Amino acid sequence: MPEQHKGLDYEAMQQMALQQQGHTHLLVIGVDAYAHCPPLSNCVKDAKDFTALMQQQYQVSPERTYELYDAQATRTQVLRQLKDLRHKVQEDDSLIVYFSGHGEIEDEEGYWIPIEGKPGEDEGWIAASSIKRRLNQVESFHTLVIADACFAGSFFVTFKSATRQLLHSRRSRWGISASHSRERALDGQAGDNSPFAKELLRALRHNQQPLPVDQLFTQLRDAVAAATQGRQTPIFKNIDVKGDDQGQFVFMPVGDEETAWAAAKATDTIFAYFNYNREYPNGKYRADALAAIRRLEEEAHWQRAQQADTLSAYFEFLNRFPDGAFAAQAKKRQEELLSGYGEPESPPKSKAKITKPPAPKPEYLKPNEEMVWEAAKAYDTTLSYDNYIKNYPSGKYRKEALNEKKRLEEEKEWQSTQQADTVAAYEKFLNRFPEGTFAKRAKQRKKELMIDFEKPKTPPKPGRKTTKSSASKPKPLKLDLPAELVELSEGMLHIPGGTFWMDWKGKKGIDREKHYNEVSLSDYYLGKYPVTQLQWEAIMGENPSKFKGCPNCPIENVSWESVQEFIKKLNVKTGENYRLPTEAEWEYAARGGEGGAQDNYLYSGSNSLDQVGWYNENSGRKTHPVGQKNPNQLGLFDMSGNVWEWVQDRWQKDYGGAPQDGRAWLEWNHKNRFRRVFRGGSWLNDSENCRVANRNWNSFSSRQYNVGFRLARDYLDRFPEGTFAKRAKQRKKELMIDFEKPKTPPKTERKTTKSSASKPKPLKLDLPAELVELSEGMLHIPGGTFWMGWKNELRDGKGYKEEKPCHIVNLPDYYLGRYPVTQALWEAVMGGNPSYFKNCPNCPVENVSWNDVQEFIEKLNAKIGGQYRLPSEAEWEYAARGGEGEAQNNNLYSGSNTLDQVGWYKDNSGKKTQPVGSKQLNQLGLYDMSGNVWEWCSDFYGKYTSHSQTNPKGPSSGLERVLRGGSWSSISRHCRPTNRNLWGVSCRDNNVGFRLARSS
């Protein structure tokens, strides 16, 4: 075991313990009773003992344990179990594979030998390459393979990196083998464990704390070598399986609370107490553990201050522990150090004539000035710099002190000026600081404010009504809003559009920053600061941050998903249209806009990260109030460091194929469907991670105490008659050409079916046209019987397993919307438009969750007295395939075998939604059932059965709801009528919408 101590390993340990994610899955294979190879005595026992220990002490549940012993451990069963893991193990889960049995090596290929394996016949063995291929398909966070077999070392590849961080928060692919690739692994005495298994079990059984794999291996290597007199030496190497990010799996023991608390007290380290609180977040000793952590932290910081023995060290200590056990001692030592800070008093003047010049000051007095200057910088206040100048009016730091004093005065004045936000305030500021840091921004803001009252007002022409757009001021916020929300609105900076290269052009950039992508952006607004804890609490009523008690610190510990909920509530409260910035918008602003991008700074506003950001070398291991470092060229603060910032985009491996107009890149596949991007680095990261080009990701539901966000907003929403309004309106007009023209429905030679004959009852005459159109657009779908799912004998190609087995479904008559619900219809009911692709009333509404749709339907039914609902999954597929008579035509897509005729998808959509009804209709007269947007169904997601069903409604409970039909960003295969998808009920995306149904 590594030596325990009371030092500051707090953060490294905290990462390993805190970021334990998901569940641990265990696949155990043990073979003794070989049919053709020499039998073994202890492999099954070893495997079962390891399984029992993992379940009892390391949080592995029986439901996630998969065991194959002797007769079950056939080649087919092992490979099948490995294959099935890809459906069981989620991306936040860990996977341990334990094999105990015979192993062989042939032509440098390693093999595990299953129960039926024969000596010399490698076609019946399990090759390491086959195992790796299946592990490659498992999207686990950590994968650990433990092999107790002869020549098992041949399973690994050489790990080339000389350094790595032991972080449980990074993905990993590691393995431990019982022996080297040219050694035989010993089986041990019958009825006992093998030497390797015995030492492995001993190490894990006696462990009481989180144990990283490399520390476990250190114990195993020496213990096994000693037990076998050097005949067998375990190895620990990287597995050649994709997804490794040089992290490590950590064995996390569980136990009863009393035992855990006793162990924590006995160890008496920060990590031990922290681990207790992690295991028992509501434990009865939680307060004692927090107090112990505080005590140990204070002791460590006190030792550090004493070792430095400088004013700044004691200032830092007292700032962190103002009322701690050592506070009095720190203050006393400060007084001692300060006692000699003034210039020495002049001796009384003598009446005797001075014939010699005064002697130079003693050498020992020179450090006093250095200490006073150090104190001034540590306090960083006007008073501290004044004190230095007073004591050393001709000191060597005088000029620097005056500059720092002026900087602080300007920053204070600038904050007051921004709060006032009047022409007079900006004039006063410019009179005092005409060439200051904020002069350019002050002049710009003064100019914006003067537009309204410096221009003579032209009265409206007779006979012409004054519209809302004639007002040149942005709409004011509600007067009853909290000050922090008013401050949020006033802190949105105008970012002039432009063109820049979004990439890393140097040699040191990593692959995910590459594929030079020239991006051209329109004007937009971006928050001057990250959203603060105070602003979050004003909307959400709670504060999830780890670093509480700092209202002006950035909010953290928020998931991408929870940020969407915050934005939705914020927009309702303020009447604004806030959103997350796109990744392109974020990087463009971080680089300083079009002009600033030419500076090519490593960080946002500087090549020196200490000037502009908080990171692991200056943060003190915590967040800091926003705006304390220098802004970048656009006046934005904290874009390098403090907290990572969520953006709207899905994670992509690099910029190849990224949008060139700055839109969010939302194309998705199986691997990135839950991954969202964050940018900027944080207080916890090194400088490399805080570069403006650096990119990172996490699951949209993940929360970390170094991840927050800032807000963006479209430009035209704010300034309907501003300087750039004319350009914005022109572009809007160009985009609206497609749907401003009257639509002529495509001709069809198909006979009128029963579906066109029966119409719902007319609506009230005083309803908006959109709601009348909705009622008239509900098509009658005659009931019938069809095969639901993928039926091999009727189709070419392969269906997904989720589409099987094919089964018979009987449905009664019902109504279904001719089109997906449009943005205009949503706005008529909800009063707002959540869509990403706005300004297209006839495009389908998107960016709506299943829960949002339920709220829409409830309001719609209340408004018109209707009984609208979402279609069931069976109703949706039946209609998409053309009803009973047409379902057997078995078209690949809804109404055709050619997707370009009937749907908008990845290859023809232009990476956006399109107006509904602009492609061909299907056999029932329905449009856009393949592509444009995925459509929510009412059902919980569940597996199909082979039984025939009547009007099925899906499972009675579940975690996800069904999506059908594919979208503008989908590949063609995802737009088939039988294809199925699922998502959480609170998830939103710009490729997800819905259509309405109603019972007959």
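Is the crossing of α3 and α4 left-handed or right-handed? Load the predicted model and let's find out together.

**Stop one: a helix pair.** Select residues 75-88 for helix α3 and residues 128-136 for helix α4. Look along the two axes: they lie 8 Å apart and meet at an angle of about 20°. Because angles under 35 degrees count as roughly parallel, α3 is roughly parallel to α4. As for the opening question, the crossing of these two helices is right-handed.

**Stop two: the contact between them.** Now show side chains. On the α3 side, pick L79, L82 and K83; on the α4 side, pick S130, I131, R134 and L135. Colour this selection by class and you will have four nonpolar, one polar and two charged residues in the contact of α3 with α4.

**Stop three: an aromatic pair.** Next, turn to the rings. Searching the whole structure gives 38 aromatic pairs, and a good one to visit is Y836 with F837. Their ring centres are 4.9 Å apart and the ring planes stand at 90°, so this pair is edge-to-face. Switch on a surface here to compare the two partners: Y836 is partly exposed, at a relative accessible area of 23%, whereas F837, with 10% relative accessibility, counts as buried. The cut-off for buried is under 20%, which is why the two residues fall on either side of it.

**Stop four: a ring cluster.** Finally, select W302, Y314, F317, F321 and F326 together. Which feature joins these residues into a cluster? Ring pairs do, linking the five named side chains.

Terms used. Residues are numbered from 1 along each chain as its sequence is written. This is a predicted model: local features need pLDDT of at least 70, side-chain atom pairs count only at pLDDT 80 or more; totals for chains, interfaces and linings use all residues. Side-chain values use heavy atoms; hydrogens and water are left out. Axes are lines fitted to C-alpha atoms, for helices over the stretch in contact, and angles run from 0 to 180 degrees between N-to-C directions. Helices (H or I, at least four residues) and strands (E, at least two) are DSSP runs, numbered from the N terminus. Angles under 35 degrees count as roughly parallel, over 145 as roughly antiparallel, 65 to 115 as roughly perpendicular and the rest as oblique. A crossing is left-handed if the near helix is turned anticlockwise from the far one by less than a right angle, and right-handed if clockwise. Contact means heavy atoms within 4.5 Å. Ala, Val, Leu, Ile, Met, Phe, Trp, Tyr, Cys and Pro count as nonpolar, Asp, Glu, Lys and Arg as charged, and the others, Gly among them, as polar. Rings of Phe, Tyr and Trp (its six-membered ring) pair if their centres lie within 6.5 Å; planes under 30 degrees apart count as stacked, over 60 as edge-to-face and the rest as tilted. Buried means under 20% relative accessible area, exposed over 50%, partly exposed in between (1.4 Å probe, protein chains only).
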